[in-house]
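Work through the exercises below with the sequence and the model side by side. Each task is followed by a solution in steps.

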Amino acid sequence: MKFPIIDIAGYVRISDEPMGSKDKFWCEDAAGTRFLFKNSRPNTGEHWSEKLAVELGRRLGVPCPPVELARCNGRL
């Protein structure tokens, strides 16, 4: 199964998110929907493994937050 990678470079950056060890920030699309963008550390698979875990969880009936793959200025 293939999942789209959303380009969020044009979204409005609202604020940084200080919790956790990864660089991340809150942003908003043109419709006013807010998203948390987490930069994936190189060569870790953080981006695809989080998406995989959510998709598997949903198929097993486990409540999971929505997760989409995204890119911002070349970063996954």
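**Exercise 1: Contacts and overall fold**

Task: State what share of the contacts with a separation of 6 or more joins residues 24 or more positions apart, then describe the fold.

Solution. Start with the contacts. Residues 24 or more positions apart make up 37% of the contacts in the protein with a separation of 6 or more. Keep in mind that this is a predicted model.

Next, count the elements. There are one helix and five strands. Their order along the sequence is β-β-β-β-α-β.

Then take the dimensions. The C-alpha trace spans about 35 × 30 × 25 Å along its principal axes.

Finish with burial and surface. The protein has 76 residues, and 26% of them count as buried. The exposed area is about 5,600 Å², with 59% of it supplied by carbon and sulfur atoms.

**Exercise 2: The largest pocket**

Task: Find the volume of the largest pocket. Then say which elements line the largest pocket.

Solution. First, the volume: the largest pocket holds about 610 Å³ of space. Its lining has 24 residues, and those closest to the centre are Leu36, Phe37, Lys38, Val67 and Glu68.

Second, the elements. At least two lining residues each come from β1 (5-7), β3 (24-28), β4 (34-38), α1 (46-59) and β5 (69-71). β4 contributes the most, with five residues.

Third, the chemistry. The lining divides into 15 nonpolar, six charged and three polar residues.

**Exercise 3: Glutamate 28**

Task: Is glutamate 28 buried, partly exposed or exposed? Which residues does glutamate 28 contact beyond its neighbours in sequence?

Solution. Locate the residue first: glutamate 28 sits in strand β3.

Now classify it. The relative accessibility of glutamate 28 is 24%, so it counts as partly exposed. The partly exposed class lies between the 20% and 50% cut-offs.

List the contacts. With neighbours within four places set aside, glutamate 28 is in contact with Tyr11, Val12, Ile14, Thr33 and Arg34. The side chains of glutamate 28 and arginine 34 also form a polar contact of 3.1 Å.

Add one distance. Glycine 10 and glutamate 28 are 18 residues apart in sequence, while their C-alpha atoms are 9.3 Å apart.

**Exercise 4: Serine 40**

Task: Where does serine 40 lie? Which side chain does the side chain of serine 40 join through a polar contact?

Solution. Serine 40 is in the loop between β4 and α1. Its relative accessibility is 10%, and therefore serine 40 counts as buried. The cut-off for buried is under 20%.

Look for partners next. Beyond four places in sequence, serine 40 touches Glu46, His47, Arg75 and Leu76. The polar contact goes to histidine 47: the two side chains are joined at 3.2 Å.

**Exercise 5: Two positive phi angles**

Task: Compare the settings of asparagine 43 and asparagine 73. Why does each count as exposed?

Solution. Begin with the general rule. Most residues other than glycine have a negative phi.

Take asparagine 43. Its phi is positive, about 60°, though the residue is not a glycine. Asparagine 43 belongs to the loop between β4 and α1. Asparagine 43 counts as exposed because its relative accessibility is 85%.

Take asparagine 73. Here phi is also positive, at about 50°. Asparagine 73 is in the segment after β5. Asparagine 73 counts as exposed because its relative accessibility is 67%. The cut-off for exposed is over 50%.

Methods: Residues numbered from 1 in each chain as written. Predicted model: local features only at pLDDT ≥ 70, side-chain atom pairs only at ≥ 80, totals over all residues. Heavy atoms only, no water. 1 Å grid on protein atoms, 1.4 Å probe; cavity = no way out; pocket = protein on both sides within 12 Å on 5 of 7 lines; lining within 4 Å. Points joined across faces, edges and corners; volume = space filled by probe spheres on them. Helix = DSSP H or I, 4+ residues; strand = E, 2+ residues; numbered from the N terminus. Nonpolar A, V, L, I, M, F, W, Y, C, P; charged D, E, K, R; others polar. Buried < 20%, exposed > 50% of the residue type's maximum accessible area, 1.4 Å probe, protein only. Contact = heavy atoms within 4.5 Å. Polar contact = N/O pair within 3.5 Å; in protein donor to acceptor, adjacent residues only side chain to side chain. Areas by Shrake-Rupley, 256 points an atom, 1.4 Å probe, with all protein chains shown as cover.
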